[in-house]
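Reader: I would like a close look at a single part of this model, the largest pocket, and at the helices around it. Please give one connected account, with the residues named.

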Amino acid sequence: MIRKSARQALSAKQAVLVNIAAVAAAIAASMMIMLFMGMNPLTVYGKIISGSLGSAYRFRETVNKAIPLTVLSLGTGIAFKMKFWNIGAEGQFYMGAFGATWAVMLFPEMPAPVLIPLMTAAGFAFGGLFALIPAALKIKWGASETLVTLMLNYIAQKWVGYLQYGPWRDPKGNGFPRIARFDSNAILPNVCGIHIGWIITIVLAVLLFFLLSKTKFGYEVSVIGESLETAKYAGINVRRTMIFAVIISGGLCGLAGMMQASAIENSLTDNMSNGLGFTAVITTWLSQLNPLVMIAVSFLFSMLLQGGSFLQSSMQIPASMAQILQGIIIFFVLGSEFFVKYRISFSKRTVLEKNTGKPLSDGGIQK
């Protein structure tokens, strides 16, 4: 017989070791797939590292991908901590970019020291309010936030597409459906050759770590995530805490959209995220909801994304190979969660069990 039994909670160190083992197994599995496809795994991984870190330009592009991915992971993480399954980071990203672009259009001549903070506030507000929709539906009618946030992603992206092809279409675009590019007063400044978003990202990660681990609000979020009934019994205002946490979650995702629109795209487009909102779900889970770990995990995944693009040009390998690696990693990590929570044991069935069809207690089973 194969029996499943609950395992005692692992320590943080043990959980990290399990995740490392899962990633190592994923790498081994991906190497087998590469060999099956006739590729040298060491060459492929070497190209990924070279394509993401091999020059100043490639490193800068990797960091540019890591910035929004990390901020999206931070936003997703605070919701996941509460077991509010926010799969809508992609949509909140677009709504934040929309809010920032709207601020630029309303005040095009405003000086940068005033306009950029206004864009930041607008991006955070629009992302947070957009995330509030599924929270309100869950509180009022018990609607599944997973389904609602997922569907809202497409609404947000189509809304931006409507603006790009319709009311906000640049008449000077020479026939191309695009929104006018930002002037210099709406573009984030560079620090050490990379836009200032990398500093903002580190500060946000530290602040969120402190908020979740050292404050009453963070404690309430954790208790709600562990047990809703316990939170109510402890006198926690579940509705208020959930609303605040979801607004912060969506606001951070919206802030990522604002930084992408301002510093990278210098405009608003309907394909500016390239699926980073969905990738953030993976990086959030891999980081065990730790804001500081999210920085490292997001950077590693950004190396996969940037290195995957380099594979396409250097080895004529489809860039989707990086997506295959991502899928394999998340498969193994999710699988490892089963072994974190449960123990598998093998035993022989006794004669009494065979006759009655009912299992005995552990003491009556010959293992």
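Author: What follows starts with the whole chain, goes on to the pocket and then takes up the helices and selected residues.

The structure is a predicted model. Its chain contains 14 helices and 4 strands. The C-alpha trace extends over about 85 × 60 × 35 Å along the principal axes. Of the 367 residues, 44% count as buried. If contacts are taken between residues at least 6 apart in sequence, 75% of them join residues at least 24 apart. The exposed area of the chain is about 18,700 Å², and carbon and sulfur atoms account for 66% of that area. As for charge, there are 29 positive and 14 negative side chains, with 10 Å between the centres of the two sets.

Now the pocket. The largest pocket has a volume of about 1,600 Å³. Its lining is made up of 47 residues, and those closest to the pocket centre are Asn19, Trp285, Leu286, Ser287 and Gln288. Several helices contribute to the lining: helix 1 (12-36), helix 2, helix 3, helix 7, helix 8, helix 11 (276-286), helix 12 (291-314) and helix 13 (320-341) each give at least two residues. Helix 1 provides the largest share, with 9 residues.

Helix 2 covers residues 41-53, and Val44 is part of it. Val44 is counted as buried because its relative accessibility is 0%. Leaving out residues up to four places away in sequence, Val44 touches Met34, Met39, Leu311, Met315 and Ile317. One of these contacts, Met34, is 10 residues from Val44 along the chain, and the two C-alpha atoms are separated by 8.4 Å.

Helix 3 is another contributor to the pocket lining, and Thr76 is found in helix 3. Thr76 has a relative accessibility of 0%, so this residue counts as buried. Apart from neighbours within four places in sequence, the contacts of Thr76 are Asn86, Ala89, Ser249, Cys253, Ala280 and Thr284.

Helix 8 spans residues 216-226, and its buried residues are Phe217, Gly218, Glu220, Val221, Val223, Ile224 and Gly225. A charged type is on that list: Glu220 is one of the buried residues, and Glu is counted as negative. The buried residues of helix 8 pack against helix 3 (56-81), helix 7 (197-214), helix 9 (228-233) and helix 10 (238-265). Among these partners, helix 3 and helix 7 each supply at least two residues of the pocket lining, as does helix 8.

Helix 10 can be followed further through Ser262, which is located there. Ser262 is buried because its relative accessibility is 0%. With neighbours within four places in sequence set aside, Ser262 is in contact with Met119, Phe182, Ala186, Ile187 and Leu188.

The loop between helix 10 and helix 11 holds Asn266, and Asn274 is placed in that loop as well. Asn266 has a phi near 55°, a positive value in a residue other than glycine. For Asn274, also not a glycine, phi is positive at about 55°. Their accessibilities fall in separate classes. Asn266 is at 13% relative accessibility and therefore counts as buried, the cut-off being under 20%. Asn274 is at 70% and therefore counts as exposed, where the cut-off is over 50%.

Helix 13, which also supplies lining residues, contains Val340. At 17% relative accessibility, Val340 is classed as buried. Val340 and Gly257 are 83 residues apart in sequence, and their C-alpha atoms are 35 Å apart in space. Gly257 falls within the range of helix 10 (238-265).

A last residue for comparison is Pro113, which is placed in helix 5 (residues 112-141). Pro113 is exposed, with a relative accessible area of 69%. From Pro113 to Asn185 the separation is 72 residues in sequence and 8.2 Å between C-alpha atoms.

To return to the request: the largest pocket, at about 1,600 Å³, takes its largest share of lining residues from helix 1, and Asn19, Trp285, Leu286, Ser287 and Gln288 are the lining residues closest to its centre.

Technical notes. Residues are numbered from 1 along each chain as its sequence is written. This is a predicted model: local features need pLDDT of at least 70, side-chain atom pairs count only at pLDDT 80 or more; totals for chains, interfaces and linings use all residues. Side-chain values use heavy atoms; hydrogens and water are left out. Buried means under 20% relative accessible area, exposed over 50%, partly exposed in between (1.4 Å probe, protein chains only). Contact means heavy atoms within 4.5 Å. Accessible areas come from the Shrake-Rupley method with a 1.4 Å probe; for residues, only the protein chains shown count as cover. The place of a charge is taken as NZ of Lys, CZ of Arg, CG of Asp or CD of Glu. On a 1 Å grid over the protein atoms alone, a cavity is a set of points where a 1.4 Å probe fits but cannot get out, and a pocket is an open set with protein on both sides within 12 Å along at least five of seven lines; lining residues have an atom within 4 Å of a point. Grid points are joined across faces, edges and corners, and a volume is the space filled by probe spheres set on the points.
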